[in-house]
Amino acid sequence: MSHRSPFQQLGGCLRRLYRDRDNGLIFGVCAGIAGYFDIDRLLVRGVTLLALWFSPLLTGLVYLVAAMLLPDRSLHARNRAREREFWRRGDTMGDHL
């Protein structure tokens with residue numbers, strides 16, 4: 001029987017949102033969002049540019065806040081299969097890969 005609270009159990013199942021500077025153009029926010037939702041980076045960048053066109057101040061502010069608050073994605077895992085396993089487990093160090 002697990003002694004963890006339901007919130008701790010749920011937190012272990014959820015993916016984490018990171019900035020992906022390895023695949024990003026500026027700060028890696030769009031690439032991180034694309035990786036989190038498993039969608040194409042170009043789609044996220046296109047939606048971001050569209051939002052920037054219609055609401056530049058709000059979009060720019062949200063982007064900068066996300067760039068400051070989101071942690072960088074660990075670059076230890078390079079093999080795609082190992083990387084998927086790494087992020088599935090929710091590890092942050094990757095020393096044991």
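The following exercises, each with a worked solution, concern a predicted model of a protein.

**Exercise 1. Overall architecture**

Determine how many helices and strands the protein has, and state what share of its residues is buried.

Solution.
Step 1. The secondary structure comprises five helices and zero strands.
Step 2. Read along the sequence, these elements give the pattern α-α-α-α-α.
Step 3. Of the 97 residues in the protein, 25% are buried.
Step 4. For the contacts with a separation of 6 or more, 36% come from residues 24 or more positions apart.

**Exercise 2. Helix 3 against helix 4**

Classify the mutual orientation of helix 3 and helix 4, and identify which residues meet.

Solution.
Step 1. Helix 3 spans residues 41–54 and helix 4 spans residues 56–69.
Step 2. Their axes come within 5 Å and cross at roughly 135 degrees.
Step 3. An angle over 145 degrees would count as roughly antiparallel, and 65 to 115 as roughly perpendicular; helix 3 and helix 4 are therefore oblique to each other.
Step 4. On the side of helix 3, the residues that meet helix 4 are Thr-48, Ala-51, Leu-52, Trp-53 and Phe-54. Helix 4 contributes Pro-56, Thr-59 and Gly-60.
Step 5. Sorted by class, this contact of helix 3 with helix 4 holds five nonpolar, three polar and no charged residues.
Step 6. Thr-59, which lies in helix 4, illustrates the packing in detail. Beyond its neighbours within four places in sequence, Thr-59 is in contact with Thr-48, Ala-51 and Leu-52. With a relative accessible area of 14%, Thr-59 falls under the 20% limit and is therefore buried.

**Exercise 3. The largest nonpolar core**

List the residues of the largest nonpolar core and state which elements give two or more residues to it.

Solution.
Step 1. The core has eight residues in all: Val-29, Cys-30, Ala-34, Val-44, Tyr-63, Ala-66, Ala-67 and Leu-70.
Step 2. The elements that supply two or more residues are helix 2 (29–37) and helix 4.
Step 3. In helix 2, the residues Val-29, Cys-30, Ala-31, Gly-32 and Ala-34 are buried, and the buried residues of this helix pack against helix 3 and helix 4.
Step 4. The residue that follows helix 2 is Asp-38, with a positive phi near 55 degrees.
Step 5. Leu-70, a member of the core, is also in contact with Leu-17 and Arg-19, leaving aside neighbours within four places in sequence.

**Exercise 4. Aromatic pairs**

Find how many aromatic pairs are present, and assign a geometry to each.

Solution.
Step 1. A pair of aromatic rings is described by the distance of the centres and the angle of the planes.
Step 2. The count comes to two aromatic pairs.
Step 3. Phe-27 and Tyr-63 form a tilted pair, at 6.2 Å centre to centre and with 45 degrees between the planes.
Step 4. Because Phe-27 lies in the loop between helix 1 (6–13) and helix 2 while Tyr-63 is in helix 4, this pair ties together parts that are 36 residues apart in sequence.
Step 5. Phe-27 is partly exposed at a relative accessible area of 32%, whereas Tyr-63 is buried at 18%.
Step 6. Tyr-36 and Phe-37 have ring centres 4.9 Å apart and planes at 90 degrees, so this pair is edge-to-face.
Step 7. Tyr-36 is partly exposed at 24% relative accessibility, and Phe-37 is exposed at 52%.

**Exercise 5. Two arginines**

For Arg-16 and Arg-41, state where each is found and whether it is buried, partly exposed or exposed.

Solution.
Step 1. Arg-16 is located in the loop between helix 1 and helix 2. Its relative accessibility of 44% makes Arg-16 partly exposed.
Step 2. The C-alpha atoms of Arg-16 and Leu-70 are separated by 9.7 Å, although these residues are 54 residues apart along the chain.
Step 3. Arg-41 belongs to helix 3 and is partly exposed, with a relative accessible area of 35%.
Step 4. Between Arg-41 and Asn-23, 18 residues apart in sequence, the C-alpha to C-alpha distance is 8.7 Å.
Step 5. Setting aside neighbours within four places in sequence, Arg-41 is in contact with Asn-23, Ala-31 and Ala-34. Of these partners, Ala-31 and Ala-34 are among the buried residues of helix 2.

Note on methods:
Residues numbered from 1 in each chain as written. Predicted model: local features only at pLDDT ≥ 70, side-chain atom pairs only at ≥ 80, totals over all residues. Heavy atoms only, no water. Axes fitted to C-alpha atoms, helices over the stretch in contact; angles between N-to-C directions. Helix = DSSP H or I, 4+ residues; strand = E, 2+ residues; numbered from the N terminus. Parallel < 35°, antiparallel > 145°, perpendicular 65-115°, else oblique. Contact = heavy atoms within 4.5 Å. Nonpolar A, V, L, I, M, F, W, Y, C, P; charged D, E, K, R; others polar. Core = buried A, V, L, I, M, F, W, Y, C linked by side-chain atoms within 4.5 Å. Buried < 20%, exposed > 50% of the residue type's maximum accessible area, 1.4 Å probe, protein only. Phe/Tyr/Trp six-rings, centres within 6.5 Å; stacked < 30°, edge-to-face > 60°.
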